[in-house]
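Me: I have a structure open and want to learn how to read it. Can we start with the ligand and then turn to the sheet?

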Amino acid sequence: MTPPSRHRLIPGWRFFEPIGWKGKLGLGLLAWGSFLLGWHLLSVSGWANPRLLPSPLEVLRAMAELFGERGFGADVLVSLRRILLSFGAAVVVALPLGLLMGAFAFPENLLNPLISPFRYLPAPSFVPLLLMWLGTGEMQKLALLFLGVIWFLVTLLMDNTRAVSRDLVESAQTLGANRRQALLKVVFRSALPTYVDTIRQMLAVSWTYLVIAEIVAATDGIGAMMMRAKRLVRVDEIMAGILVIGVLGLVSDAILRGVRWGCFPYARDGRK
Amino acid sequence: MTAVATLPDYREQSPAVAERFRKLKQRPVVLSVRGLGKTFGSTEGTVTALQGLDFDVYRREFMCVIGQSGCGKSTLIRILSGLEQPTSGELLLDGKVVHGPGPDRGMVFQSYTLFPWLTVKQNVMFGPKMAGRTGTAVEQEARQWIEMVGLSDFENSYPFQLSGGMKQRVAIARALANQPRILLMDEPFGALDAQTRAQMQEYLLQIWKNIDITILFITHDLDEAVFLADRILVLKAKPGRIDEIIEVPVPRPRSLDQAIDPEYLATKHRINELIHPREQRGGGGVEIPRMTMAGDEVE
Ligand SMILES: Nc1ncnc2c1ncn2[C@@H]1O[C@H](COP(=O)(O)OP(=O)(O)OP(=O)(O)O)[C@@H](O)[C@H]1O
Ligand SMILES: [Mg+2]
C-alpha cells in the first residue's frame with residue numbers, strides 16, 4: 001500500500017485552492033505582526049537614526065496628538081471632500097462616455113484616439129499649467145485629482161461596456177427593446193457590477209494623487225500637514241499622515257466592495 | 001439483407017398522412033421566405049451562407065430545420081428574427097414584409113440569455129415592459145406563463161439559481177409573453193444533457209399544443225427533429241440551400257415509444273442519408289497508421 005501522505009500538502013499550497021477564514025486572518029496578522037515588529041526593532045536598535053525612523057508606537061502617539069490637539073480632523077475632512085468632489089465629477093463625465101464608446105463604434109473611433117494618449121501623461125506634469133490657469137485655489141487641486149483618473153476611467157469603463165454579452169442585447173432586441181432601451185436597460189445594467197469594480201480600483205488611484213495635489217500651494221488637507229511636518233523633520237507626523245491615507249483608502253475600498261456585494265447578489269464571485 | 005432495406009420510403013404516404021399535410025397547407029401562411037440569400041463579406045473573401053431559399057411556414061405548424069454544422073441554420077434564424085439582414089430576397093410575416101427584430105417574432109437562443117439581474121418573473125415581464133405595459137395585469141400574465149413552463153415555485157429566483165433546463169424554460173416563457181406570431185428556436189436544448197433534453201422536448205410539444213403558436217426549431221439532432229416536427233427542412237451546405245422538405249409521417253401525439261416505428265425509422269434514415277452522404281462516412285477517408293502490437297486487434 002502506498003502511503004496517502006505523499007499527496008497531502010499543507011493547506012494553502014494546493015493549486016488555486018482558497019483557505020478558510022481562520023487561515024486568512026492568521027496569515028494576515030502574521031505578516032503585519034512581523035512587519036511592525038521588524039520596524040520596531042530596527043528603530044530601537046540604534047541602527048537607524050530614530051529621528052528619521054520613529055517606532056510604530058511613536059507614530060501612533062503622533063497621530064493621537066494630531067487629532068487631539070492640532071485639529072487634524074479638519075484637514076482629513078478637507079482631503080476627503082477633495083477626493084469625493086473630483087472623483088464624483090470624473091465618474092459623472094466618464095460613465096456616459098464609457099457607455100457610448102463601448103457600445104458604438106462611432107463615438108469610440110471619434111474619442112478614443114483623443115483620450116487614449118492622455119493616459120500616458122503623468123498627471124503631476126499638468127501642475128504648472130493648472131497653477132497658471134486656475135491659480136492656487138481649490139479648483140486647481142480638484143482639477144489635478146480629476147485629470148489623474150479621468151483618462152483611465154473612460155477607457156476602463158469602455159472596456160467594461162464592451163464585455164457585455166452580445167447575446168443579452170440581441171435577446172432584448174428580439175423581445176422588442178428599441179435602441180435606447182437596449183442601451184440603458186441591458187448594456188448599462190449588465191455592465192453595472194463591472195463599472196463598480198472599475199470605479200473602486202480607480203478610487204484607489206485617486207487617493208494616490210491626493211498628496212501630490214496637496215503638496216503644491218496648499219494650506220489645508222492631509223498632504224499640506226505632511227509638508228509642514230517635513231519642514232520640522234517630524235517623521236512621526238508624516239508617517240501618521242501616510243497611515244491615515246492608507247486607512248481612508250481601505251475604508252472607501254471596503255464600502256464599494258460592500259455596495260458591489262449587496263447590490264449585485266447575482267454577480268458575486270463564482271456565480272454565473 | 002440489412003434492416004434498412006426493409007424500411008418503407010417515407011414519401012409513400014398513407015392516405016391519412018397525405019390528408020394531414022393537405023390540411024396543413026390549407027392553413028394561412030404565417031412566415032413566408034422568398035428567394036432569401038446571405039453573403040458575408042470580409043477581408044479574407046466572401047462566404048455565401050444562404051442562397052435562394054423559398055419556403056412557407058403555416059399557422060400552428062411545428063417546423064424543424066436540420067443540416068450539417070456550418071450549413072447556415074443559425075444565419076437563417078438570425079435573418080428571420082431580424083438580427084441579421086439578408087443580402088437578397090425577402091421575409092413576409094402574415095403577408096407583410098418585415099425588417100429588423102420585433103416582438104412579433106420570439107427567439108430562444110442556444111446559449112443562456114436570461115438577464116442575470118432580473119428574477120424569473122421580471123425576465124418574463126421584460127418584453128411587455130419594453131412595450132410600455134406595466135401593472136398587475138402584466139404581472140398576472142407573467143405568472144401564467146411561468147406556470148405553463150412549470151416554474152411557479154421559482155418566480156422570484158434569479159437565473160443563477162436555476163439549472164440549464166429551467167433557464168431554457170424561462171427563456172421560452174419570456175419569448176411567449178410577447179405573444180409572438182412565431183417562435184424561433186436555435187438549438188435551444190443543445191447545451192442540455194440527454195435526459196433533460198428529452199423532458200424539454202415533451203414540455204415544448206405540450207406548450208405548442210396548448211397555445212396558438214407556430215414554431216421554427218433548429219437542431220442538428222435527427223431524433224429531435226423527427227420527434228418534434230410536422231415538416232423538416234433539410235439544408236445542404238456551401239452554399240446553404242434547401243435539400244428537401246420532409247413531411248414527417250409519424251402520427252401525433254408523439255411519444256418516445258414511436259422511436260422504433262417503421263415510419264419513424266424511415267424518416268430518420270432519409271435525413272441521415274441527406275445530411276451524411278454515403279461517400280462522406282467512415283473516418284472521412286483519412287488513413288490512420290497502425291500503432292498497436294500484433295494480437296491487440298479490436299473489430
Ligand atoms: N458574421 C459572419 N461573418 C462571416 N461569416 C459568417 C458569419 N456568420 C456565419 N458565417 C458563415 O456562414 C456559414 C453558416 O454559419 P451558421 O452559423 O449559420 O451555421 P450553422 O448551420 O448554424 O452551424 P452550427 O450547426 O455549427 O451552429 C458558415 O460558413 C460561417 O462561417
Ligand atoms: Mg448554429
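Me: Which side chain has an N or O atom 2.6 Å from an oxygen atom of ligand 1?

Reply: To read a polar contact, look for pairs of N or O atoms within 3.5 Å. In this predicted model, the side chain of Ser69(B) gives that 2.6 Å pair. Thr75(B) also has a polar side-chain atom, 2.5 Å from an oxygen atom of ligand 1. Gly72(B) uses a polar backbone atom instead, at 3.1 Å from a ligand oxygen.

Me: How much of the accessible area of ligand 1 does the protein cover?

Reply: On its own, ligand 1 has 640 Å² of accessible area, and the protein covers 59% of that.

Me: Which elements give two or more residues to the shell around ligand 1?

Reply: Strand E2 (45-58) and helix H2 (73-81) of chain B do. H2(B) has the largest share, 3 residues. By class, the shell holds 4 nonpolar, 6 polar and 2 charged residues. Among them are Phe40(B), Lys73(B) and Glu187(B).

Me: Now the sheet. In what order do the strands of chain B run?

Reply: Read a sheet from edge to edge. Here 6 strands form an open sheet, E6-E7-E8-E3-E9-E10, with mixed pairing. E6 (105-108) and E10 (241-247) of chain B have a single partner strand each, so one side of each lacks a neighbour in the sheet. From one strand to the next, the twist averages 20°.

Me: How do strands E3 and E9 of chain B run, and how many bridges join them?

Reply: They run parallel, joined by 4 bridges. Val65(B) stands opposite Leu233(B) in E9(B).

Me: Which helix packs on the sheet?

Reply: Helix H6 (164-176) of chain B does, touching E6 and E7 (182-186). The direction of H6 makes about 170° with that of E6(B).

Conventions: Residues numbered from 1 in each chain as written. Chains lettered and ligands numbered in written order. Predicted model: local features only at pLDDT ≥ 70, side-chain atom pairs only at ≥ 80, totals over all residues. Heavy atoms only, no water. Pairing = 2+ DSSP bridges. Axes fitted to C-alpha atoms, helices over the stretch in contact; angles between N-to-C directions. Contact = heavy atoms within 4.5 Å. Near = heavy atom within 4 Å. Polar contact = N/O pair within 3.5 Å; in protein donor to acceptor, adjacent residues only side chain to side chain. Areas by Shrake-Rupley, 256 points an atom, 1.4 Å probe, with all protein chains shown as cover. Nonpolar A, V, L, I, M, F, W, Y, C, P; charged D, E, K, R; others polar.
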